[in-house]
Amino acid sequence: MTLSDSDLTALSDYFLSREDAIVAFARALVETESPSGDEAGSKAMVSLLAAAAAGISRVKTSERVASENYGEHLRVIAFGDSREKPIVILGHTDTVHLRGSLKQRPWRVEGNRAYGPGVFDMKANCALAIEVVRACVATGLTPKRPIV
């Protein structure tokens, strides 16, 4: 997809208008503790992400994939057919932070930075991955290949 100046302006305007919602979603993900190997935390994270993806009109499928003794993964396909060569956005929902870490290091925003267990690796990025799909829909941009 080639983006014009007006496309870039539309995307910039979109993300600025959604800043509070994106930060709120990132916060919800951070405040859902999901240490590596924590099945309940993993499933809770996938539930939040799946619910967000379900509200996007161009999402074709949202599949929860079980991972024995671990929890779940989420595979979302938007814009197109899963048989086409996709654009892949890959992330993870677990953190190295043990349950209870949130009490010692609660979510907070200082200036233009957010802090909390897993915010950078990679919960805010999971929020942004969902938001990229939503932004394409909202601005009328359709990738040439599906996003997975």
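Visitor: Which cysteine sulfur is closest to the sulfur of cysteine 126?
Guide: The one in cysteine 136, at 17 Å, which is too far for a bond. The same 17 Å holds seen from cysteine 136, whose closest cysteine sulfur is that of cysteine 126.

Visitor: How many disulfides does the structure hold, then?
Guide: Zero. A disulfide here is a pair of cysteine sulfur atoms within 2.5 Å.

Visitor: What sort of model is this, and what gets counted?
Guide: It is a predicted model, where local features need pLDDT of at least 70 and side-chain atom pairs count only at pLDDT 80 or more, while totals for chains, interfaces and linings use all residues. Residues are numbered from 1 along each chain as its sequence is written, and side-chain values use heavy atoms, with hydrogens and water left out.

Visitor: Back to cysteine 126: buried or exposed?
Guide: Cysteine 126 is buried, at 8% relative accessibility. Cysteine 136 is buried as well, at 10%. Buried means under 20% relative accessible area, exposed means over 50%, and partly exposed is in between (1.4 Å probe, protein chains only).

Visitor: New topic. How do β1 and β2 pair?
Guide: In the antiparallel sense, over eight bridges, with β1 covering residues 59-67 and β2 residues 71-78. Two strands pair if DSSP finds at least two bridges between them. Strands (E, at least two residues) and helices (H or I, at least four) are DSSP runs, numbered from the N terminus.

Visitor: Which residue in β2 is the bridge partner of glutamate 63?
Guide: Arginine 75.

Visitor: And how many residues lie between β1 and β2?
Guide: Three, so to describe the connection: the two strands form a hairpin. Asparagine 69, in the turn, has a positive phi of about 60°.

Visitor: Which residue forms a salt bridge with glutamate 72?
Guide: Arginine 64, with the closest N and O atoms 2.7 Å apart. Glutamate 72 is buried at 13% relative accessible area, whereas arginine 64 is partly exposed at 37%. A salt bridge is a side-chain nitrogen of Lys or Arg within 4 Å of a carboxyl oxygen of Asp or Glu.

Visitor: How many salt bridges in the whole structure?
Guide: The search finds seven. Among them is the one between arginine 27 and glutamate 31, at 2.9 Å from N to O. Arginine 27 is partly exposed at 38%, and glutamate 31 is partly exposed at 37%.

Visitor: What about glutamate 39? Which residue does it bridge to?
Guide: Lysine 43, with the closest N and O atoms 3.2 Å apart. Both residues lie in helix α3 (residues 39-54), four residues apart, about one turn of the helix. Glutamate 39 is partly exposed at 39%, and lysine 43 is partly exposed at 33%.

Visitor: Where is threonine 32?
Guide: In the loop between α2 (19-30) and α3. Threonine 32 counts as buried, at 16% relative accessibility.

Visitor: Which residues is threonine 32 in contact with?
Guide: Leaving aside neighbours within four places in sequence, threonine 32 is in contact with Gly41, Ala44, Met45, Leu48 and Lys123. Contact means heavy atoms within 4.5 Å.

Visitor: Aromatics next. How many aromatic pairs?
Guide: The count comes to one. Tyrosine 14 and phenylalanine 15 form an edge-to-face pair, 5.3 Å centre to centre with 85° between the planes. Rings of Phe, Tyr and Trp (its six-membered ring) pair if their centres lie within 6.5 Å; planes under 30 degrees apart count as stacked, over 60 as edge-to-face and the rest as tilted. Tyrosine 14 is buried at 10%, while phenylalanine 15 is partly exposed at 28%.

Visitor: What sits over the ring of tyrosine 115?
Guide: The charged end of arginine 108, 4.2 Å from the ring centre. The rule is that NZ of Lys or CZ of Arg is within 6 Å of the ring centre and within 35 degrees of the ring normal.

Visitor: Where is valine 109 found?
Guide: In strand β3 (residues 108-110). Valine 109 is partly exposed at 46%. Not counting residues up to four places away in sequence, valine 109 touches Val23 and Ala114.

Visitor: Last one, glycine 140: buried or exposed?
Guide: Exposed, with a relative accessible area of 58%. Glycine 140 is found in the segment after α5 (119-139). The C-alpha atoms of glycine 140 and glutamate 33 are separated by 35 Å, the two residues being 107 apart along the chain.
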